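Colleague: Hi! Have you got a moment to walk me through this one?
Modeller: Sure, let me put it up for us.

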Amino acid sequence: VTMVAWQMIHGDGEADATHAARGGLPLRSDRTTRSLRWLGDTRRGNDLDVQVSITVREATADDSAAIAALLAELGYELSPAQVAYELDNQPDTVVLVATADETPAGLAAVNTRRQLHEAAPVSTIDALVVTERLRSQGIGEALVRAAENLARQRAACMLDLHSGLQRVDARRFYERMGLGVIGNHFIKALQ
């Protein structure tokens, strides 16, 4: 049995559970501190109830070391200083950080830009990772839902995501989240 509850946490600490239950995460372009807390993914097993409190919020420079460690789990080696620079210098990208019981546990970097062929904005999840030891706790789902809400807020016509072929478990997760495989992604390194 799995029970799930969401609570909206505003910058002033006010809760709006009704809005959050409908999927609302009003991250605004002025980057006001707001977050979405997943109050529970309560799973019963061995006569114990385990509840993980998950909060998804916009990253700050204080998260740089945790973000660097999470990106390293995907094979990307950036220093905390490089992460801080990128956070400050990518105005079209919002990095969402998920914490589980106040410990950084995952991130989603969401870039929104207009695409000529869509004649509309498209939001792309450029990076999505949940630390290995905390996977299957609802953190990835919370991040994808927050990214979807951010994309809607930015009037994106779709949410796009690229994933490496070697990430078979991730692909299954994305498909469960409603993201479909529609084609191939080609790259050529220039440096």
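Colleague: Where is the place of Ala119?
Modeller: Ala119 sits in the loop between E6 and E7. Before we go on, please keep in mind that this is a predicted model.

Colleague: Noted. And is Ala119 buried or exposed?
Modeller: Ala119 is exposed, with a relative accessible area of 58%. Its phi is positive, about 50 degrees, although Ala119 is not a glycine. Most residues other than glycine have a negative phi.

Colleague: Which residue in the loop between E5 and E6 should I look at?
Modeller: Asp101 lies in that loop. Asp101 also has a positive value of phi, near 50 degrees, in a residue other than glycine. Its relative accessibility is 47%, so Asp101 counts as partly exposed.

Colleague: Let's zoom out. How many helices and strands does the protein chain have?
Modeller: There are five helices and eight strands. Starting at the N terminus, the order is β-α-β-β-β-α-α-β-β-β-α-β-α.

Colleague: What share of the residues is buried?
Modeller: Buried residues account for 41% of the 191 residues in the protein chain. As for contacts between residues at least 6 apart in sequence, 56% of them join residues at least 24 apart.

Colleague: Now the interior. Which residues touch the most other members of the largest nonpolar core?
Modeller: That core has 26 residues, and the ones touching the most other members are Ile54, Val56, Leu96, Val110, Leu128, Ile139 and Leu143. Two or more residues come from each of E4, strand E5 (93–100), strand E6 (103–115), strand E7 (120–130), H4 and H5. H4 gives the largest share, seven residues. In soluble globular proteins, nonpolar side chains tend to be buried together.

Colleague: What does Leu128 touch, leaving out residues up to four places away in sequence?
Modeller: Leu128 is in contact with Leu74, Leu107, Ala108, Leu143, Val144, Leu161, Phe173 and Tyr174. There is also another core lying apart from the largest one, with 14 residues, among them Ala59, Leu70, Val97 and Leu107.

Colleague: Switching to charges: how many salt bridges does the structure hold?
Modeller: Seven. Side chains of opposite charge can pair when their charged atoms come close. One of the bridges joins the side chains of Glu141 and Arg145, at 3.9 Å from N to O.

Colleague: Why are Glu141 and Arg145 separated by about one helical turn?
Modeller: Because they are four residues apart in helix H4 (residues 139–153). Glu141 is partly exposed at a relative accessible area of 29%, and Arg145 is partly exposed at 29%.

Colleague: Which residue forms a salt bridge with Arg152?
Modeller: Glu148, with the closest N and O atoms 3.9 Å apart. Glu148 and Arg152 both lie in helix H4, four residues apart, about one turn of the helix. Their exposure differs in class: Glu148 is buried with a relative accessible area of 17%, whereas Arg152 is exposed with 59%.

Colleague: Which residues are linked in a network of salt bridges?
Modeller: Glu141, Arg145, Glu148 and Arg152 are linked that way.

Colleague: And what about helix H5, which residues four apart should I check there?
Modeller: Glu175 and Arg171, which both lie in helix H5 (residues 168–176), about one turn of the helix apart. They form a salt bridge whose closest N and O atoms are 3.3 Å apart. Glu175 counts as partly exposed at 39% relative accessibility, and Arg171 counts as partly exposed at 42%.

Colleague: Pockets next. What volume does the second largest pocket have?
Modeller: About 920 Å³. Of the 24 residues lining this pocket, Leu161, His162, Ser163, Gly183 and His185 are the closest to its centre. Strand E8 (159–161) and H5 are the elements that give two or more residues to the lining.

Colleague: How do the lining residues divide by character?
Modeller: The lining of the second largest pocket has 11 nonpolar, nine polar and four charged residues.

Colleague: Last one: where does Thr60 lie?
Modeller: Thr60 is in the loop between strand E4 (54–58) and helix H2 (64–73). Thr60 is partly exposed, with a relative accessible area of 38%. The C-alpha atoms of Thr60 and Ala84 are separated by 8.1 Å, and these residues are 24 apart along the chain.

Conventions. Residues are numbered from 1 along each chain as its sequence is written. This is a predicted model: local features need pLDDT of at least 70, side-chain atom pairs count only at pLDDT 80 or more; totals for chains, interfaces and linings use all residues. Side-chain values use heavy atoms; hydrogens and water are left out. Buried means under 20% relative accessible area, exposed over 50%, partly exposed in between (1.4 Å probe, protein chains only). A salt bridge is a side-chain nitrogen of Lys or Arg within 4 Å of a carboxyl oxygen of Asp or Glu. A nonpolar core is a set of buried Ala, Val, Leu, Ile, Met, Phe, Trp, Tyr and Cys residues joined through side-chain atoms within 4.5 Å. Contact means heavy atoms within 4.5 Å. On a 1 Å grid over the protein atoms alone, a cavity is a set of points where a 1.4 Å probe fits but cannot get out, and a pocket is an open set with protein on both sides within 12 Å along at least five of seven lines; lining residues have an atom within 4 Å of a point. Grid points are joined across faces, edges and corners, and a volume is the space filled by probe spheres set on the points. Ala, Val, Leu, Ile, Met, Phe, Trp, Tyr, Cys and Pro count as nonpolar, Asp, Glu, Lys and Arg as charged, and the others, Gly among them, as polar.
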